[in-house]
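Okay, can everybody see the screen? I'll put up the sequence and the structure, and then walk you through the strands.

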Amino acid sequence: IAVINYGVDADFFSPNGTTPEWMRSLRPYILFMGPFESRRHHLECLEAVSMLRKKGLAEENLVFAGERNEYCLRLDARACELGLKITWTGYGPREELPDFYRGARLFVHPVTHAFGLSVLEAMACGAPVVSSTDPGSGIPETVGDGALLAEATDPADIARAMRQALGSEAARAALAERGLKRAREMSWRRAAQATLEVYKKAVR
C-alpha cells in the first residue's frame, strides 16, 4: 500500500494578492468554511468561541463562508443562545477564495470522516489553521506541524488550539509560516510524481 498525500495549486492559492474592499470591511475575522454539516463541527466551534470570549479572547468577527442550508438554522439558533453573531457571506466567485483565506486571522476547520482540502488551501495562502486530530480524515499526516490540531467533537480542545493560535502575534505568525512551508511541499506535481512511481513499481 502506498500513501500519496493531496496537493494544492500554489499558483492560485498563495499569500500574495489584493483583497476586495467589501472583504476588508469584515476584518478582523475568524473564518469557517462550508459545506455546513455535522461532520464539520461548526456547532462545537461556536461553543469554543463562547468559551474564549468569556475570557476576553477571540473577539474577531465570525465569518461563515458557504451556501446556507437547513443545518445553518441550528447554527443561527445556537449562536443566538451563546450571544454570538455570525456573518454569512454565501459562496462568491472562486477567484475570491484565496482572498478569504489571506484575510483571516485564523481558519478553523475541524472536519471528521472526510479530508478538508480547504485546510491545505488556507495554509498555502498564509492563514494560520486549526483543524482536526481525526485519523480518518488524513489531516494529521498531511498538515504535519503546519496546523494546530484539536479533537473535533470537544469544544474545550478546539478552544485550546484557537487560544494557542491567537495568543500572540508572534505565535500566529509562526503558525502561518509553518503552514505555508508545509503547503509548499504538497504540490499536485509532487503528488502526480509519487503516483507515477507507484505505477512504475507495479509493472516491473
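One term before we start: when I say contact, I mean heavy atoms within 4.5 Å. And keep in mind that this is a predicted model.

With that, have a look at helix α7, residues 155–166, which lies across β1, β4, β5 and β6. Relative to β6, α7 runs at about 165°.

Now the sheet underneath the labels. It's an open one with 6 strands, in the order β3-β2-β1-β4-β5-β6, and the pairing is parallel. At the edges sit β3 (86–88) and β6 (148–150), each pairing on one side only. On average, neighbouring strands here are turned by 25° against each other, ignoring direction.

Let's zoom in on β1, residues 29–33. All 5 of the 5 residues are buried, so this strand is largely enclosed by the rest of the structure. Generally, side chains in a regular strand alternate between the two faces of the sheet. Here, Tyr-29, Leu-31 and Met-33 point one way, while Ile-30 and Phe-32 point the other way.

So who pairs with β1? There's β2 (residues 61–65), parallel, with 5 bridges, and β4 (residues 106–108), also parallel, over 2 bridges. Ile-30 is a nice one to click on: its bridge partner in β2 is Leu-62, and in β4 it's Leu-106. Also, β1, helix α2 (residues 42–53) and β2 form a right-handed β-α-β unit.

Last stop, β5, residues 129–132: 3 bridges join β5 to β6, again running parallel. There, Ser-131 stands opposite Leu-149 of β6.

Notes:
Residues are numbered from 1 along each chain as its sequence is written. This is a predicted model: local features need pLDDT of at least 70, side-chain atom pairs count only at pLDDT 80 or more; totals for chains, interfaces and linings use all residues. Side-chain values use heavy atoms; hydrogens and water are left out. Buried means under 20% relative accessible area, exposed over 50%, partly exposed in between (1.4 Å probe, protein chains only). Helices (H or I, at least four residues) and strands (E, at least two) are DSSP runs, numbered from the N terminus. Two strands pair if DSSP finds at least two bridges between them. A crossover is right-handed if, with the strands pointing away from the viewer, the path from the first strand over the helix to the second runs clockwise. Axes are lines fitted to C-alpha atoms, for helices over the stretch in contact, and angles run from 0 to 180 degrees between N-to-C directions.
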